[in-house]
Amino acid sequence: MELHFGYLNVPAVGISLLGQHGYDSLMQDLKPDEHAIFIIATGQESFKGSGFVRGGIYDRVQVRQDPVTFTFRDTDYLNLYHLQPADAPAFKESAIFIVRSADFNPAWPWQLTVLANKSDKENGIKTFVHFDQELWLPARYLEGGRPHVERPQAAWKAIWANQKVEIALFGLVLAFAAFMYSRRDWLVRRSSRKHKPWIAVPRHLLWIASVGFIGFYLKAQPSITQVMTWFHSILHQWKWELFLSDPFIFVFWWFIIISVALWGRGVFCGWLCPFGSLQQLALSLGKRIGLKRFQSLLPKRLHDKLKWIKYAVFFVLLGVSFFSMETAEHLAEIEPFKTTFLVGVWNRTWPFWLFIGAILGWSFLSERPYCKYICPLGAGLAIPSKLRLFGLKRKQECTTCHACASGCGSHAIDAAGKIDQTECMQCLDCMILYYDDHACPPLVKERKTREKSGQPLTAINGAGYFISLDSVRQTLSDKAAEQRTRS
């Protein structure tokens, strides 16, 4: 249905549409506090509805001016046979409805509401919707112009306005993480396998901020339930208000989407996820209290089998959500996020305590066990990580060298030296070795060869090798020739 409507009492509007004679006739028939509204429409459906045939009620159209709703009976209806303007759009039906109330104020904004419903063929259940369009007379039609109207602010806008400081601080944390990771090449060049404060200090600061500020204070832990909500919103009805109601989750997800597209899931999962950060801090604390000798990873073969569990969990939850979102949300308690940050462990029963206690207890002895083997959110983010724009660097020798793989806490480097970006947590340890001439076997070999022959150690280029001496000699020769030419 395509529908046009307006307020006829305004002389400029009424005369334009009805002509002088039609307008004068209408105004003579109207009593004080009565208002004429015209509606013309075309399309498959009728705005008149079917109720007026049975009981004289037009059940499809209403006028709303908060907090009052005006409905129309057959006595409020006038025929509208013709519109005066020659360029009036073609229409299928038309009518004039009379609002008979002193409560209606034409100088104030009001809405025309069209009601509709449809029946489910299988169960006969009706679904009702309404379409609203506001009309506010232009200021030129009102003596003194439009009155000042204070509209109630949308709930999500009030939430954002009341949390400006927290949103700004949250944005700074995300920006700091993105900046530090974007400068990873600069950071790893200033680090070594045994001394890496440029990596360790920023990451520990981010882990602490993630757990304390983002997790416990803001309660902004992304969850698989939000991913399921996205899928259903895309398939059924997308409402921005639903996602804008939590500004931190909204901003966080935009950061996740952009960072996954650029670098893969590791920036969020490895640097900023509150529960992932909690596990990482537990591992660091374990080292400080003397548990380092007990800390180890599962064997790579076992890891390669167990890592698929999280993908199975992800697809099971997503599949169940299409049959019952309520059931899927119950099953999503496999995520310990709600218990840890939103509800609080002390407000849950003993099975939740046992589950979280087991995860954190294991985290003192091994790196991020939940992230590696159970987390459905990590699995959901790992899938698009295959399409990231930028990955970590590798060398030709990486296919036979296992120096990086032996130290990878994520077991993300295979026997061929290839990094699995869907499993990588972007710890950057392999990138530190990439430039470390005391740890990377190809660089160690080249360094020792040069030192033995008395050759200078040149800078390491972006490909991870010492700059060729022939290249240096040629550059020096070119500069000398240029100076001779100038002199």
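**Exercise 1.** What should the 14 residues of helix 16 (residues 350-363) span at 1.5 Å a residue, and how far apart are its end C-alpha atoms?

*Solution.* The model is predicted. Start with the expected span: the rule takes 1.5 Å times one less than the number of residues. For the 14 residues of helix 16, that should give 20 Å. Next, check the model: the end C-alpha atoms of helix 16 are 20 Å apart, which agrees.

**Exercise 2.** Which residues of helix 16 are buried, and which elements do they pack against?

*Solution.* Take burial, with its cut-off of under 20% relative accessible area. Ile 356, Ile 359 and Ser 363 are buried in helix 16. They cover an arc of only 60° around the axis, so they lie on the same side of helix 16. Now turn to the other side: Trp 350 and Leu 354 are exposed there. Finally, find the partners. The buried residues of helix 16 pack against helix 11 (274-288), helix 15 (337-343) and helix 17 (369-373).

**Exercise 3.** Why does Cys 273 form no bond with Cys 371? Why does Cys 398 form none with Cys 404?

*Solution.* Recall the chemistry: a disulfide is a covalent bond between the sulfur atoms of two cysteines. The cut-off is a pair of sulfur atoms within 2.5 Å. Take Cys 273. Its closest cysteine sulfur, in Cys 371, is 5.9 Å away, too far for a bond. Cys 273 is buried, at 7% relative accessible area. Take Cys 398. Its closest cysteine sulfur belongs to Cys 404, at 5.8 Å, also too far for a bond. Cys 398 is buried, at 10% relative accessible area. The count by this rule is 0 disulfides.

How values were computed
Residues are numbered from 1 along each chain as its sequence is written. This is a predicted model: local features need pLDDT of at least 70, side-chain atom pairs count only at pLDDT 80 or more; totals for chains, interfaces and linings use all residues. Side-chain values use heavy atoms; hydrogens and water are left out. Buried means under 20% relative accessible area, exposed over 50%, partly exposed in between (1.4 Å probe, protein chains only). Helices (H or I, at least four residues) and strands (E, at least two) are DSSP runs, numbered from the N terminus. The arc is that of the directions from the helix axis to the C-beta atoms. Contact means heavy atoms within 4.5 Å.
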